[in-house]
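Student: Before we use any labels for this model, could we go through them one at a time and set each value against its cut-off?
Tutor: Yes, let us begin with the structure itself and then take the labels in turn.

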Amino acid sequence: MPKILVVNGPNLNLLGKREPEIYGSRSLEDLNEKLVLLAAELKVELEFFQSNSEAELIDFIHTKGFD
C-alpha cells in the first residue's frame with residue numbers, strides 16, 4: 001500500500017483556535033480526519049507529523065530516508 005507522509009509545520013496546531021475569522025474554524029485534527037477518510041477511499045496509508053520547530057520537522061523527514 002502506498003504511504004503518504006503529511007508534515008504540518010509551525011502554528012498549524014492552532015488552526016480553529018487562532019483567528020478563526022481569517023483561518024477558519026476547522027482544527028488540524030478535523031483536516032487530518034478528512035484526509036484519513038480520503039486515504040481509505042484511495043487505498044493509501046497516511047502518517048502525520050506536526051511540529052512548531054523547523055529543526056524537528058527536518059530531523060523527522062531525514063529519519064524517513066528521503067533522498
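Tutor: A salt bridge here is a side-chain nitrogen of Lys or Arg within 4 Å of a carboxyl oxygen of Asp or Glu. Please keep in mind throughout that this is a predicted model.

Student: What makes E45 and K3 a salt bridge?
Tutor: The closest N and O atoms of E45 and K3 are 4.0 Å apart, and the criterion asks for a distance within 4 Å, so the pair is called a salt bridge. E45 lies in strand β2 (residues 45-50) and K3 in strand β1 (residues 3-8), so this pair ties together parts that are 42 residues apart in sequence.

Student: Why is E45 called partly exposed?
Tutor: Its relative accessibility is 35%, and because buried means under 20% and exposed means over 50%, a value in between is called partly exposed.

Student: How many salt bridges does the structure hold, and which pair has an N to O distance of 2.8 Å?
Tutor: The structure holds four salt bridges; the one at 2.8 Å, N to O, is formed by the side chains of K64 and E47. That pair links distant parts of the chain, with K64 in the segment after α3 (54-63) and E47 in strand β2, 17 residues apart. K64 counts as partly exposed, at 34% relative accessibility.

Student: What makes K3, E45, E47 and K64 one network?
Tutor: They are joined into one network by salt bridges that share partners.

Student: How do you know that E19 and R18 form a salt bridge, and are their side chains buried or partly exposed?
Tutor: Their side chains meet at 3.7 Å, N to O, and since the limit is 4 Å, the pair therefore qualifies. E19 has a relative accessible area of 31% and R18 has a relative accessibility of 38%, so both count as partly exposed under the cut-offs of 20% and 50%.

Student: Why is the pair of F49 and F60 called stacked?
Tutor: A search of the whole structure finds one aromatic pair, and in this pair the rings of F49 and F60 are 4.0 Å apart, centre to centre, with 5 degrees between the planes. Centres within 6.5 Å count as a pair and planes under 30 degrees apart count as stacked, so the label follows. The pair links distant parts of the chain, F49 in strand β2 and F60 in helix α3, 11 residues apart.

Student: Why is F60 called buried, whereas L42 is called exposed?
Tutor: F60 has a relative accessible area of 14%, and because buried means under 20%, the label fits. L42, which is found in helix α2, has a relative accessibility of 55%, and because exposed means over 50%, that label fits as well. L42 also belongs to a nonpolar surface patch of about 260 Å², made by L35, L38 and L42.

Student: Which residues does N11 touch, and where is N11 found?
Tutor: N11 is found in the loop between β1 and α1 and touches R18, Q50 and N52, not counting residues up to four places away in sequence. With a relative accessible area of 41%, N11 is partly exposed.

Student: How do you know that the predictor is confident in this chain?
Tutor: The mean pLDDT of the protein chain is 94, and 97% of its residues reach 70 or more, on a scale from 0 to 100. Among the elements of the chain, helix α1 (residues 20-23) has the lowest mean pLDDT, 90, and helix α2 (residues 28-42) the highest, 98.

Terms used
Residues numbered from 1 in each chain as written. Predicted model: local features only at pLDDT ≥ 70, side-chain atom pairs only at ≥ 80, totals over all residues. Heavy atoms only, no water. Helix = DSSP H or I, 4+ residues; strand = E, 2+ residues; numbered from the N terminus. Buried < 20%, exposed > 50% of the residue type's maximum accessible area, 1.4 Å probe, protein only. Patch = residues over 30% accessible without salt bridge, like charges linked within 9 Å, V, L, I, M, F, W, Y side chains within 5 Å. Areas by Shrake-Rupley, 256 points an atom, 1.4 Å probe, with all protein chains shown as cover. Contact = heavy atoms within 4.5 Å. Phe/Tyr/Trp six-rings, centres within 6.5 Å; stacked < 30°, edge-to-face > 60°.
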